[in-house]
Amino acid sequence: MKVYQRGDTYIAPKGSFFDGNIYIPGNFIVPAETHIWGRLDVDGCLELGPLSTVGDDVTCGSGVIGPGVRIKGVLSSAGTLTISDRAEIHGVNAQGDIILRPGADVGEVRSEATIYVYGKIASTKLTGKNVKVMGN
């Protein structure tokens, strides 16, 4: 599947399927319902669209993970992460802040900064400098 480039930002076509591992040397915008069956490595910011799937681990500089996304491996970030509603991720590691939205199922979460929890989530363990629970 072809990925389009604009400056240092790469964009996948909506509903794409990628068989194998992907490396992006900049930012990566992944539209809704895009499926990657291997590992995803992004040097910059990752915007993973709603209802997308990644079959292995994900690394990125920072990221926004859309609602209903499934990552079957561990999500690792050198910066901050936002995990949207109903996302399912095997585990999360970040050097920056992590925001967890309602309904997220995230396994073990580790941050070198603050973990913000909004609403009810499912997690086996939350480890960070601070863990702040906002809402019910």
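## A tour from strand to strand

Start by selecting strand E16, residues 108-111, where the side chains alternate: Val109 and Ser111 are buried and point to one face, while Glu108 and Arg110 point to the other and are not buried. Keep in mind as you click around that this is a predicted model.

**Either side of E16**

Leave E16 on screen and add E14. The two strands run parallel, joined by four bridges. To find the register, pick Gly91, which stands opposite Glu108 of E16. Now bring in strand E18, residues 125-127. E18 pairs with E16 over three bridges, again in the parallel sense. Here the residue to click is Leu126 in E18, the bridge partner of Val109.

**Into the core**

Next stop, the largest nonpolar core. Which of its 33 residues touch the most other members? Select Leu46, Ile65 and Ile83 and you have them. Strand E14 (residues 88-94), which you already have up, gives this core its largest share, three residues. As background, nonpolar side chains in soluble globular proteins tend to be buried together.

Centre on Ile83 and show what surrounds it. Setting aside neighbours within four places in sequence, Ile83 is in contact with ten residues you can light up together: Ile65, Leu75, Ile89, Val92, Ile98, Ile99, Leu100, Arg101, Ala104 and Val106.

**The loop after Ile83**

Step along to Ser84, in the loop between E13 and E14. Is Ser84 buried or exposed? Its relative accessible area is 12%, so it counts as buried. Beyond its neighbours within four places in sequence, Ser84 has contacts with Ile65, Gly66, Pro67, Arg101 and Ala104. Try a distance from Ser84 to Gly68 too: the C-alpha atoms are 7.6 Å apart, with the two positions 16 residues apart in sequence.

Stay in this loop, which links strand E13 (81-83) to E14, and pick Arg86. Check its backbone: phi is near 65°, a positive value in a residue other than glycine.

**Over to E8**

Now select E8. Its side chains alternate as well: Leu46 and Leu48 are buried and point to one face, while Cys45 and Glu47 point to the other and are not buried. Leu46 is one of the core residues you picked out earlier.

Add E5, which runs parallel to E8 and is joined to it by three bridges. Across this pairing, Ile29 has Glu47 of E8 as its bridge partner. Then add strand E11, residues 62-65, which pairs with E8 in the parallel sense over four bridges. Look there for Cys45, standing opposite Ser62 of E11.

Before moving on, go back to Ile29 in strand E5, residues 27-30. Ile29 is partly exposed, at 31% relative accessible area. Show the surface and add Tyr4 and Ile11: together with Ile29, they make a nonpolar patch of about 240 Å².

**The loop after E8**

Follow the chain out of strand E8 (45-48) towards strand E9 (53-54), and Gly49 is in the loop between them. Gly49 is buried, with 9% relative accessible area. Which residue should you pair it with for a distance? Try Pro31, 18 residues away along the chain, with a C-alpha separation of 4.6 Å. Pro31 is also among the contacts of Gly49 outside its neighbours within four places in sequence, along with Val30, Ala32, Gly66 and Val69.

Leu51 is in this loop between E8 and E9 too. Leu51 is partly exposed at 48%, and its phi is near 60°, a positive value in a residue other than glycine.

**Last stop: salt bridges**

The structure holds five salt bridges. Begin with Arg39 and Asp41, whose closest N and O atoms are 3.2 Å apart. Arg39 also forms a salt bridge with Asp57, at 3.5 Å between the closest N and O atoms. Asp57 lies in the loop between E9 and strand E10 (58-60), and Arg39 in the loop between strand E6 (35-36) and strand E7 (40-42), so this pair ties together parts 18 residues apart in sequence.

Finish with Glu88 and Arg70, a salt bridge with its closest N and O atoms 3.6 Å apart. Glu88 is in strand E14 and Arg70 in strand E12 (residues 70-77), so here too the pair ties together parts 18 residues apart in sequence. Glu88 is partly exposed at 39% relative accessible area, and Arg70 is partly exposed at 39%. For a closing view, select Arg39, Asp41 and Asp57, which salt bridges with shared partners join into one network.

How values were computed: Residues numbered from 1 in each chain as written. Predicted model: local features only at pLDDT ≥ 70, side-chain atom pairs only at ≥ 80, totals over all residues. Heavy atoms only, no water. Core = buried A, V, L, I, M, F, W, Y, C linked by side-chain atoms within 4.5 Å. Buried < 20%, exposed > 50% of the residue type's maximum accessible area, 1.4 Å probe, protein only. Contact = heavy atoms within 4.5 Å. Pairing = 2+ DSSP bridges. Patch = residues over 30% accessible without salt bridge, like charges linked within 9 Å, V, L, I, M, F, W, Y side chains within 5 Å. Areas by Shrake-Rupley, 256 points an atom, 1.4 Å probe, with all protein chains shown as cover. Salt bridge = Lys/Arg side-chain N within 4 Å of Asp/Glu carboxyl O.
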